[in-house]
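Please find below my notes on this model, set out as numbered points. They go from the contact between the chains to the inside of one chain, and end with the backbone.

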Number of protein chains: 2
Amino acid sequence: MKEPASIAIDAMGGDNAPGEIVKGAIDALKGNDIKILLAGKEHAIREELEKYSYDAGRVAIIDASEVITNDEAPATAIRQKKNSSVALGLLAVKEGRASSFVSAGPTGAILTGATVIIGRIKGIERPALGALLPNAKGFSFLIDSGANVDSKPSYLLQFAKMGSIYMENVVGIQNPRVGLLNIGAEKEKGNALVKEAYELIERSGVNFIGNIEARDVPMGGADVVVADGFAGNVVLKHTEGLAKALMMMIKKELMSSFASKIGAALASGAFKNLRKSFDYTEIGGAPFLGLKGLVVKAHGESNARAIEMAVRSCISFSEKELARRIEESLSIEAPPK
Amino acid sequence: MKEPASIAIDAMGGDNAPGEIVKGAIDALKGNDIKILLAGKEHAIREELEKYSYDAGRVAIIDASEVITNDEAPATAIRQKKNSSVALGLLAVKEGRASSFVSAGPTGAILTGATVIIGRIKGIERPALGALLPNAKGFSFLIDSGANVDSKPSYLLQFAKMGSIYMENVVGIQNPRVGLLNIGAEKEKGNALVKEAYELIERSGVNFIGNIEARDVPMGGADVVVADGFAGNVVLKHTEGLAKALMMMIKKELMSSFASKIGAALASGAFKNLRKSFDYTEIGGAPFLGLKGLVVKAHGESNARAIEMAVRSCISFSEKELARRIEESLSIEAPPK
């Protein structure tokens, strides 16, 4: 019989820790053959656990006396707080006690910690943060969405490969279309970085469809959108902000006349569905790819539902042995310069 | 008595030339004390002009036998087609016969032509393309929205100054808040370019509010958003694409139930108003700033209304002597390295 996957969860990370985190973890047990390891202050976690009934054999605590906060410098925090929930959760992955780690804590500390403690896959120069972006047809996977700025062309090549493997194996899109975020569709467009990356990705074996302009991203023009972390983060945050602004503008317009107020009431179910598409709680966190294990960054404002979805997204990752697949895909050809 | 401003218009540029361009130019005469100079093939322009009644003393033709198309290399096209509508329209500005030039033709050719024929303002290293972006509170001015990639920090400083002057004098926002597009709010965030640009803009005398994240741009977090042309173009095109995708998604949701179909019908006026906010025809084209004269790029798909709005946006520019103001603002301090 196959051993169920163990997923380590940072019980102290994010604005709603530990209450919502523990609740989300317990909710994720339902219907999934997994174990959870809650990293954080034991008494605080026990206090939350007492509120629920669950199979005690599937829940363990990693007692962590320290917490890393948003205002700490990542490298210093990771070096000094060896007993933090982030460090001990990552260590569980490193030592094979957990297949993956979910945290709503500070992005920088998680990334630095993951690189130092778990380590990079051979051939990956920089782990990248992926994000599932809602679009008119479903989702596209944006990589890098903010971990690396001033990228080299070889990083973008690696992002293309990792994104392609993630989308195929975790999200289940066959032969995903990989597009390079650029300011024009033609090959010769863009800055020095993307021009060189284009050449590399073209020869990489992924299903490369060439450049994709930002206007085609929300229309579902590519399944994987490859970008430097600066441009990628701009797209990620702009999606969040513009969707919010548009909803506000629609609401304001609808409240401007009696007929449209009635209309808004009748259409409220439709708006609710749409808001759900853009709701981070449904999306399941952003995976860091390129590490010898999966680390998922959940939104800092994560509630129980968001944590539950993030935990669920970890399950296929370990089942599909993604880290091994990424390593294999890199070893097929000459290492990037 | 003050001489009315003369505005040169590329009658041959864009998908709907010359019909819609000529119509938009004639429409712009109404209510504005201006003259228009239509650059293009004389017989084609005359054929269109015959459809309207207008004051012939306020309309002149610059006969241009050549047209620059989208698939030509900009530098070659400008060098070889001395009699193109773009080249002759720009020449009218250079020689003082026109205060400004509006074209829906190819962006690259207009920018190259403007730099070669009209020339840069002293102290401006690169002219930039500005764009008025709709947001939840009104508009913000995005500069550079796509003319320059691989910018230097000093370019971004110049964009900040030009954007601030444009927003104050053309759009009428007192002491506009200038934000630097970045992936975090803190000063130390971002790539090498924006970190250095931050230092320069901070000391520049504009009303600098620091970094602005892409999520705050649609919420109206800054009046002027300063960016390298790569990131700026990503924001510009992403706005267009995401607004379109969201409208599609809303429509699809609304059609999914009987109640929401009725709701949609009642709320249709509100949706129409919102679409209008995101409609480029209302925005009036994107100005190239940093030239010794105003050049406005209209959308390639411009209809008569879009051209009319672009012409209107030229009027305040010349009235307020923007080129002179930009030059003055640069001479106040030590030139950028």
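**Notes on the interface, the domains and the backbone**

1. Between them, chain B and chain A bury about 4,700 Å², and 76% of this area is on carbon and sulfur atoms; buried area here is the accessible area (1.4 Å probe) that two parts lose on being put together, summed over both. B:Ile183, B:Phe230 and B:His238 supply 15% of the area that chain B buries against chain A, which is more than any other three residues. The contact, defined by heavy atoms within 4.5 Å, takes 51 residues from chain B and 51 residues from chain A.

2. Before going further, please note that this is a predicted model, in which local features need pLDDT of at least 70 and side-chain atom pairs count only at pLDDT 80 or more, while totals for chains, interfaces and linings use all residues. Residues are numbered from 1 along each chain as its sequence is written, chains are lettered from A and ligands numbered from 1 in the order in which they are written, and side-chain values use heavy atoms, with hydrogens and water left out.

3. Turning to polar pairing, the rule finds four salt bridges across the interface of chain B and chain A, a salt bridge being a side-chain nitrogen of Lys or Arg within 4 Å of a carboxyl oxygen of Asp or Glu. A:Arg215 forms a salt bridge with B:Glu240, and the closest N and O atoms of this pair are 3.2 Å apart. Across the interface of chain B and chain A there are also 12 residue pairs in polar contact (both at pLDDT 80 or more); a polar contact is a pair of N or O atoms within 3.5 Å, where within protein one must be able to donate a hydrogen and the other to accept it, and residues adjacent in sequence count only if both atoms are side-chain atoms.

4. Which elements of chain B each supply at least two residues of the side that touches chain A? They are β7 (178-182), α7 (192-202), α8 (229-254), α9 (258-266) and α10 (268-277) of chain B, where helices (H or I, at least four residues) and strands (E, at least two) are DSSP runs, numbered from the N terminus. With 21 residues, α8(B) gives the most to the side of chain B that touches chain A. The residues of that side divide into 29 nonpolar, 15 polar and seven charged, with Ala, Val, Leu, Ile, Met, Phe, Trp, Tyr, Cys and Pro counted as nonpolar, Asp, Glu, Lys and Arg as charged, and the others, Gly among them, as polar.

5. Chain B is superposed on chain A by a rotation of 180° with 0.0 Å of shift along its axis (RMSD 0.0 Å), the fit being by least squares on the C-alpha atoms of residues with pLDDT of at least 70 in both copies. That is the relation of a two-fold axis. The same surface serves both copies, as 100% of the contact residues of chain B recur in chain A. Of the residues of chain B, B:Gly263 comes closest to the rotation axis, at 1.7 Å (C-alpha).

6. Chain A is divided into domain 1 (1-124 + 290-337) and domain 2 (131-280), with bounds that come from an automatic or database domain assignment. The centres of domain 1 of chain A and domain 2 of chain A, taken over C-alpha atoms, are separated by 25 Å. Domain 1 of chain A and domain 2 of chain A bury about 1,500 Å² between them, 63% of it on carbon and sulfur atoms. The count between domain 1 of chain A and domain 2 of chain A is zero salt bridges, and two residue pairs there are in polar contact (both at pLDDT 80 or more). On the side of domain 1 of chain A that touches domain 2 of chain A, α13(A) gives the most, with five residues.

7. Within chain A, A:Arg177 forms a salt bridge with A:Asp223, the closest N and O atoms being 3.0 Å apart. The pair links distant parts of the chain, 46 residues apart: A:Arg177 is in the loop between α6 (153-171) and β7 (178-182) of chain A, and A:Asp223 is in the loop between β8 (208-213) and β9 (224-226) of chain A.

8. Some backbone details deserve a check by eye. A cis peptide bond joins A:Ala17 and A:Pro18, with omega about -5°, and A:Pro18 has its place in the loop between β1 (5-10) and α1 (19-29) of chain A. A:Asn175, although not a glycine, has a positive phi of about 45°, and A:Asn175 is found in the loop between α6 and β7 of chain A.
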